[in-house]
Amino acid sequence: MDTLTNLKTFLQVAESGGFSAAGRALGVATSVVTKRVDQLEHSTKAQLFVRSTRSVTLTDAGQNWLSRVKLLLADADDVMSALSDSDVGLQGPLRVKMPTTLTILFLSDIVAKFQKKYPKISLEIVLTDRPVNPAVEGFDVALGAFGTSYKDVTDFILCPLRRYLCASPGYVASAPKLKHPRDLQSHTTLSFQPTGNSWAFESKDGPIQVTVSPSINANEAHLLFTCAMAGNGIAILPEYLAMPAFRDGTLVNVLENYTPLDYAIKAQVPTARALVRRISAFINFLQESFLPEPPWYRRP
């Protein structure tokens, strides 16, 4: 039994909606398609399709199997194409987690250019601002700026990410004088939920950590940015949001002698899948897009 051929036939039947249509697409007789699916069902001891005179539909077992078969066949094609020096024909699914605000402002352009270069790669982009273990949650790549690392996951650093303690000029003028991070406990703060309410700073005297009680606790950075500009309080914001606001005067950098700990934007890939060519092509494309500097430094 040619398992790979049978799996391709299963996928074609699922996508064509029938055995005859699958046979026409594959260039074989309907009886051959039926035999291949029967062999799969026998080897898996599960019924994959519900067959009637009018339609063919996936069973629950077949539906649950479908995405895994697509991934398996894409990886098989990847192995075969590795014999070629060219990666132009790369194909298959690519599931990527990305941070919301950073993607909307900058990474969406990178995704668009990647998809144009590799049109046969089907991208599933999930925007979320929490740490994600790609090996556990079924992602090929997880982008973020958290310090978390995971077992059996490889980190690819794209660039450092500076962060700043920010407030509007109006808030600074009306609020108590802020001289030290511990003074934040008597101020209105706006906190990024995924990094928590324990804010860490670097200073000439060493690291300092302060626990704040925020008036707004949100899992999306642009909301905090908007609230800070409106004078609602003090927030720690990434440089791609803070720097333009510093330039136009809508935000100011407070406590310049105490800087929030820098993060790093990184792409995390399950180590077992890091050499899959469509995944490594995406990582290489990301790395090249961040050279010689992050894209927000190049934005006018």
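This section describes the internal spaces, one strand sheet, the cysteines and two buried loop residues of a predicted model.

The largest pocket encloses about 450 Å³ of space. Its lining comprises 28 residues, and those closest to the centre are Phe-146, Arg-163, Phe-192, Thr-195 and Tyr-263. Two or more lining residues are supplied by each of helix H5 (100–117), strand S8 (189–192), strand S9 (198–202), helix H8 (221–229), strand S12 (234–238) and strand S15 (263–270). In chemical terms, the lining of this pocket divides into 18 nonpolar, seven polar and three charged residues.

Apart from the pocket, the model contains one cavity of 30 Å³ or more. The space in this largest cavity amounts to about 80 Å³. Its lining is formed by Lys-97, Pro-131, Val-132, Ala-142, Leu-143, Gly-144, Ala-145, Phe-146, Thr-148, Tyr-150, Lys-266 and Gln-268. Strand S5 (141–144) and S15 are the elements that give two or more residues to this lining, and S5 provides the largest share, with three residues. Seven of the lining residues are nonpolar, three are polar and two are charged. Phe-146 is listed both among the residues closest to the centre of the largest pocket and in the lining of the largest cavity. Strand S15 likewise gives two or more residues to the lining of the pocket and to that of the cavity.

Strand S9, which contributes to the pocket lining, also takes part in a sheet. Three strands are arranged in the order S10-S9-S14 as an open sheet with antiparallel pairing. Strand S10 (208–211) and strand S14 (259–260) are the edge strands, each pairing on one side only. The antiparallel pairing of S9 with S14 extends over two bridges; in one bridge, Phe-201 has Pro-260 of S14 as its partner.

No disulfides are present, the count being zero. Cys-159 is in no disulfide, and the nearest cysteine sulfur, that of Cys-166, lies 17 Å away. Cys-159 counts as buried because its relative accessibility is 4%, which falls under the 20% limit. For Cys-227, the closest cysteine sulfur is also in Cys-166. The separation is 13 Å and is therefore too far for a bond. Cys-227 has a relative accessibility of 16% and so is likewise classed as buried.

Two residues in loops are also buried. Thr-128 is located in the loop between strand S4 (121–127) and helix H6 (134–137). With a relative accessibility of 19%, Thr-128 counts as buried, since the class includes values under 20%. When neighbours within four places in sequence are left aside, the contacts of Thr-128 are with Lys-97, Met-98, Pro-99 and Thr-100. Among these contacts, Lys-97 is also one of the residues lining the largest cavity.

Arg-273 occupies the loop between S15 and helix H10 (277–289). Its relative accessibility is 16%, and Arg-273 therefore counts as buried. Leaving aside neighbours within four places in sequence, Arg-273 is in contact with Leu-71, Asp-75, Asp-140, Arg-278 and Ile-279. Strand S15, which precedes this loop, is the strand that contributes to the linings of both the largest pocket and the largest cavity.

Key. Residues numbered from 1 in each chain as written. Predicted model: local features only at pLDDT ≥ 70, side-chain atom pairs only at ≥ 80, totals over all residues. Heavy atoms only, no water. 1 Å grid on protein atoms, 1.4 Å probe; cavity = no way out; pocket = protein on both sides within 12 Å on 5 of 7 lines; lining within 4 Å. Points joined across faces, edges and corners; volume = space filled by probe spheres on them. Helix = DSSP H or I, 4+ residues; strand = E, 2+ residues; numbered from the N terminus. Nonpolar A, V, L, I, M, F, W, Y, C, P; charged D, E, K, R; others polar. Buried < 20%, exposed > 50% of the residue type's maximum accessible area, 1.4 Å probe, protein only. Contact = heavy atoms within 4.5 Å. Pairing = 2+ DSSP bridges. Disulfide = S-S within 2.5 Å.
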